[in-house]
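Work through the exercises below with the sequence and the structure side by side. Try each task before reading its solution.

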Amino acid sequence: MKKYLIGSALMCVALGSGVANGQLTIKDYCDIKTAAPTMIKEMRPLADGVSYACISDDGKRIEVFNYKTGKKVSTLFDVDAIKGDVKISEFDGYALSSNEKKILLWNEKQKIYRYSYKAEYYVYDIARGSMKRVSENGKQQSATLSHDGRMVAYQRDNNIYISNLDYDTDKPITTDGKINEIIYGTTDWGYEEEFGMLNTMMWSADDNVLSFMRFDESKVPTYSFDNYLSYCDSEPLSDPYPNTFSYKYPLAGYNNSVVSVHSYDLNTRVTKTMDLPIGEKDYVPCLSLDGKEQNLMVMIVNRDQNELKLFSVNPGSTVARQIYSEKSNAWLSPTAYQMVKYFDTHFVIASDKSGYRHLYKYDYNGNLIKQLSSGDFNITAYYGTDKSGNSFVQTTSLGAINRNVARISPSGQLTLLHNMEGTERASFSPTFDYYVRTYSSANVPPQFSVWSTKGTKIADLENNEAYAAKYANAPKTEFLKVKNAVGEEMNAFMIKPADFDASKKYPILMYQYNGPESQLVTNSWKMEGVYYIASRGYIVACVDGRGTGNRSRSWSDGVYKQLGKLETQDQIAGAKYFATLPYIDSSRMACFGWSYGGYMTLMELTEPGSPFKAGISMAPVTDWRWYDSIYTERYMTTPQQNESGYDISSAMNRTENLNGRLLIMSGTSDDNVHYYNTLKYTSKIGSEGKVFDMMSFTGFEHSLPMCNAREQLFRKVVDFLDTNIK
């Protein structure tokens, strides 16, 4: 950690990798920490509208800075200044109470799934300088501070507890929670992974009512696998028998959790069930409070995920009123309907119903007040609206590969705050007078600065000059357009070796993901393994074919109920285009993908007329019947409804056409795309007499975040390519 002085201003900056002299190594491309640029720490706007808080460089304090001057004005919290008997020496994160008098802090995190964790939680009283533990009875999950900071709701062992810090009480408000059966307050694996929901507990404005969801996963099938310890663990040989990891994981077509919404009144100690038409197969992918934090806003989506209903519910009377609905001929995207904000008199929600993602303003009676944005582009983030009625958004108005922050006037006029290609994000003050701007492009590492919305730059926080110099001679990204299988333009990029010579012939690696609504071709900074591959003498190319996101809905909807079919055609079309380039050796072509991209590799290697001599498939789904229900059914409906679609989309049904050389890899402890997919596929091609390469990552999960796993993966990829196409 290090401090940067910007003029007279002391800014919060977290350092990434240092500068290394000489030639870049595999760690500089593939190690998550080494390849990372310098990032600023999270800057949280404070209620006064003119200041923000961030964690100090040494991680021991929460400091307050002024937007207008960039100068530090005070310290909210310091681990070395805690009074009383309860003390901590470090913390992993924090949350401020609404009145900004108390701070919820946590440390000693213990991972559960990809995003969820347990931790030790504490509440710090800013005025008194003292701290209290939330509970003495074991780690807590999803602790939620009341507005006044006097109480904390949390989950432990699937039940909800309320800790009253004034009275030193710590009592459960639910009692029938049970691991792998009943969950209160938090969510099941599927909601966490596919809806991004971790915590359903929320306090009413007066802190007298706690609302939450209940998940009954007792009928969801249990998935188990041997959880072998890797040599990243401190004692990999400590257990003579492997551990078994068991959890509820609904495959496509199987039972999901049955959910319900409840409220607990702290005065009467009565729990009520909201009167909502939630069927046993329905989802509640979004739960919030209205702008006054009085009524619950509950979204219900059917299992096919093509019909949505939004209800306003009184948590006292339990009466629900439907105020919004939407249907789709394909699927409704959570990226759209979860882009919603509730205000005192109205709410704003995004929808794809025009063919592009735009914002719509409704009152709480369900009347459309106005459409806030329009055009042949997408709104990719909604930051909010200022007192003058200007809406601040992120858009693709400069093209699908770009992201720009814009102001939309009350009359609907869109103005970019910075009219330049690349990827831009913003974090605004509550009054929208100031914002922290993040900008990068394919060849410009992230830059951070503070701006006034009137157009004045206040300070540069970090421009990553040293980091940029380090990668000045690394392979660069070039964007282009490529025709797909039916003649439509696809966004594409190429990464050429730094010493590229157009008179030579190069082997090419087609890199893809191409899952529904995904996007790899973006004008943003990336430094990852494919750049290492390019540095080893390969051209790396990528196309975003049909199904990918941030173009029109008609572009993405074609893959509905037939995943893999059109995407494979478009990837093959892209490969055939690249084969026509004079510096590409069409006899030395390979494909590579991870997760959905790994599935695509298997589909491409088995497509008739495939130009690929070799392919690398990392953590692939090999049959959609073996992946989770929420994701799979959104695009395929259930196997019972769409048996032929599942047959067409199955990589398992195409193995007889496998002609190129295959390298297939997976983590043995992948709780997302199970190792089972890889084992079933390799068992089948082995029985058919196919020769292939296989690599397992013992004890590793889906994205290989631990230790040197990513370096090892790309070492293997380059070795495989050198053997088969170089």
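The exercises that follow concern a predicted model, and each task is followed by a solution in steps.

**Exercise 1. A helix and its buried face**

Task: Compare the expected span of helix α11 with the distance between its end C-alpha atoms, and then find which residues of α11 are buried and what covers them.

Solution. Begin with the length: helix α11 covers residues 675–687, which is 13 residues. The expected span is 1.5 Å times one less than the number of residues, and for α11 this comes to 18 Å, which agrees with the 18 Å between its end C-alpha atoms.

Next, list the residues of α11 that are buried, namely Y675, N677, T678, Y681, T682 and I685. Seen down the axis of α11, these buried residues fall within an arc of 155°, so they line one face of the helix. This fits a general rule: an α-helix has 3.6 residues a turn, so residues three or four places apart point the same way.

Then ask what lies over that face: the cover includes α8 (596–605), β46 (661–667) and β47 (693–697). T678, a residue of α11, serves as an example, since it is buried with a relative accessible area of 1%. Leaving aside neighbours within four places in sequence, T678 is in contact with P620, I664, M665, S666 and M694.

Finally, look just past the helix, where α11 is followed by G689, a residue whose phi is positive, near 80°.

**Exercise 2. The nonpolar cores**

Task: Which residues have the most contacts inside the largest nonpolar core, and which helix gives the largest share of this core?

Solution. The largest nonpolar core has 57 residues, and those with the most contacts inside it are F578, W624 and Y681. The largest share of this core, six residues, comes from α8.

Y681 can now be followed outward: setting aside neighbours within four places in sequence, Y681 is in contact with L602, T606, T622, A651, M652, T655, L658, L662 and I664. Apart from this core lies another one, of 46 residues, among them V540, F592, I616 and I725.

**Exercise 3. Two open sheets**

Task: Give the strand order of the sheet that holds β24 to β27, and identify the strands at its edges; then repeat this for the sheet that holds β36 to β39.

Solution. In the sheet of β24 to β27, four strands form an open sheet in the order β24-β25-β26-β27, with antiparallel pairing. β24 (283–289) and β27 (320–327) each have a single partner strand, so one side of each is left without a neighbour in the sheet, and these two stand at the edges. Direction ignored, neighbouring strands of this sheet are turned by 20° against each other on average.

The pairs can then be taken in turn. β24 pairs with β25 (residues 296–301) over five bridges in the antiparallel sense, and L287 has V298 of β25 as its bridge partner. β26 (residues 307–313) pairs with β27 over seven bridges, again in the antiparallel sense, and K309 stands opposite S325 in β27. β26 and β27 form a hairpin with six residues between them, and T318 in the turn has a positive phi of about 75°.

In the sheet of β36 to β39, four strands likewise form an open sheet, in the order β36-β37-β38-β39, and the pairing is antiparallel. Here β36 (423–428) and β39 (457–462) stand at the edges with a single partner strand each, so one side of each lacks a neighbour in the sheet. The twist averages 20° from one strand to the next. β38 (residues 444–452) pairs with β39 over four bridges, and the bridge partner of W451 in β39 is K457.

**Exercise 4. Buried residues in loops**

Task: For L165, S595 and T637, decide whether each is buried or exposed, and state the loop in which each lies.

Solution. L165 lies in the loop between β15 (159–164) and β16 (169–172). A residue counts as buried under 20% relative accessible area, and L165, with 7%, is therefore buried. Not counting residues up to four places away in sequence, L165 touches V123, K132, R133, G149, R150 and V152. Of these contacts, R133 is 32 residues from L165 in sequence, while the two are 8.5 Å apart in space, C-alpha to C-alpha.

S595 is found in the loop between β44 (584–594) and α8 and is buried, with a relative accessible area of 11%. Its phi is positive, about 65°, although S595 is not a glycine.

T637 lies in the loop between α9 (629–636) and α10 (643–649) and is buried, with a relative accessible area of 4%. T637 has a positive phi of about 55°, although it is not a glycine.

Note on methods:
Residues are numbered from 1 along each chain as its sequence is written. This is a predicted model: local features need pLDDT of at least 70, side-chain atom pairs count only at pLDDT 80 or more; totals for chains, interfaces and linings use all residues. Side-chain values use heavy atoms; hydrogens and water are left out. Buried means under 20% relative accessible area, exposed over 50%, partly exposed in between (1.4 Å probe, protein chains only). The arc is that of the directions from the helix axis to the C-beta atoms. Contact means heavy atoms within 4.5 Å. Two strands pair if DSSP finds at least two bridges between them. Axes are lines fitted to C-alpha atoms, for helices over the stretch in contact, and angles run from 0 to 180 degrees between N-to-C directions. A nonpolar core is a set of buried Ala, Val, Leu, Ile, Met, Phe, Trp, Tyr and Cys residues joined through side-chain atoms within 4.5 Å.
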